[in-house]
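Me: I should like to learn how burial, strand pairing and nonpolar clustering are read from a set of coordinates. Could we work through one case together?

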Amino acid sequence: MGGMGSDGSKGGTITEKGGTGGGAVGAGLANTGILLLTNCTLAGNIALGGTGGTGGTPSLGLAGVGGLGGSAHGASVSQDSGSAVMTSCTISSNESIGGSGGTGGGGTLGPGSGNSGGVFSAGSVEVQNCIIGGN
C-alpha cells in the first residue's frame, strides 16, 4: 500500500530553482501490458507525489523559487498502456495526492496535481459488474 514519489531536492544557490518532486502512479497496480482482474478488491491505496525541492535559501531571502510538487494518479490501478479487463471487482477508498511545492526565497511553483484515485487509463479498460466509488 502506498506509492510515493521522490523529493526534488537540489542545492540552493542564489537564483537556482528547486527540482520538481517525483511522480507517483499505481500504488495498487501499475501496468503497461495485459491485465485481467476477477473478483478482486483494491482499497486503501495512496499515491503521493514527492515534495518539490528547495530553491535558493529561504532563511536568507534569496530569490530561487521552490520546485513544483510531483503529480500522482491511478492510486488503485494505473493502466499506462496496453489493456485491462476487470470483472466483479470493488475499487474504493483510494487516493491520489499531489506533492507539496518546495520552499524558496522567491516563492514556490506550487503543488503537484493529484487525479484519478480509482482507475487511470492511457490504454484501454473494460469494466464488467464492478463497484468503483469513494476514491
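Reply: Let us begin with the cut-off for burial: a residue counts as buried when its relative accessible area is under 20%, and as exposed when that value is over 50%. The model here is predicted.

Me: Is S76 buried or exposed?

Reply: S76 has a relative accessible area of 0%, and therefore it is buried. This residue lies in the loop between β7 (72-73) and β8 (77-79). Among the residues that S76 touches are G28, L29, L42, N45 and G117.

Me: Which side chains of strand β4 point to one face and are buried?

Reply: In β4 (residues 34-38), L35 and L37 do so, while I34, L36 and T38 point to the other face and are not buried. Strand β4 runs parallel to β9 (residues 83-87), and 5 bridges join the two. One of these pairings sets L36 against V85.

Me: Which residues make up the largest nonpolar core?

Reply: In soluble globular proteins, nonpolar side chains tend to be buried together. Here the largest nonpolar core has 9 residues: L35, L37, C40, L42, V77, A84, M86, C89 and I91. At least two of them come from β4, and at least two from β9. Another core, of 5 residues, lies apart from it and includes A24, A47, A72 and A75.

Me: Which residues make the nonpolar surface patch of about 210 Å²?

Reply: V125, V127 and I132 make that patch. V125 belongs to strand β14 (residues 124-128). Its relative accessibility is 31%, so V125 counts as partly exposed.

Conventions:
Residues are numbered from 1 along each chain as its sequence is written. This is a predicted model: local features need pLDDT of at least 70, side-chain atom pairs count only at pLDDT 80 or more; totals for chains, interfaces and linings use all residues. Side-chain values use heavy atoms; hydrogens and water are left out. Helices (H or I, at least four residues) and strands (E, at least two) are DSSP runs, numbered from the N terminus. Buried means under 20% relative accessible area, exposed over 50%, partly exposed in between (1.4 Å probe, protein chains only). Contact means heavy atoms within 4.5 Å. Patches are made of residues with over 30% relative accessible area and no salt bridge: like charges are joined within 9 Å, nonpolar side chains (Val, Leu, Ile, Met, Phe, Trp, Tyr) within 5 Å. Accessible areas come from the Shrake-Rupley method with a 1.4 Å probe; for residues, only the protein chains shown count as cover. A salt bridge is a side-chain nitrogen of Lys or Arg within 4 Å of a carboxyl oxygen of Asp or Glu. Two strands pair if DSSP finds at least two bridges between them. A nonpolar core is a set of buried Ala, Val, Leu, Ile, Met, Phe, Trp, Tyr and Cys residues joined through side-chain atoms within 4.5 Å. Lists of a residue's contacts leave out its neighbours within four places in sequence.
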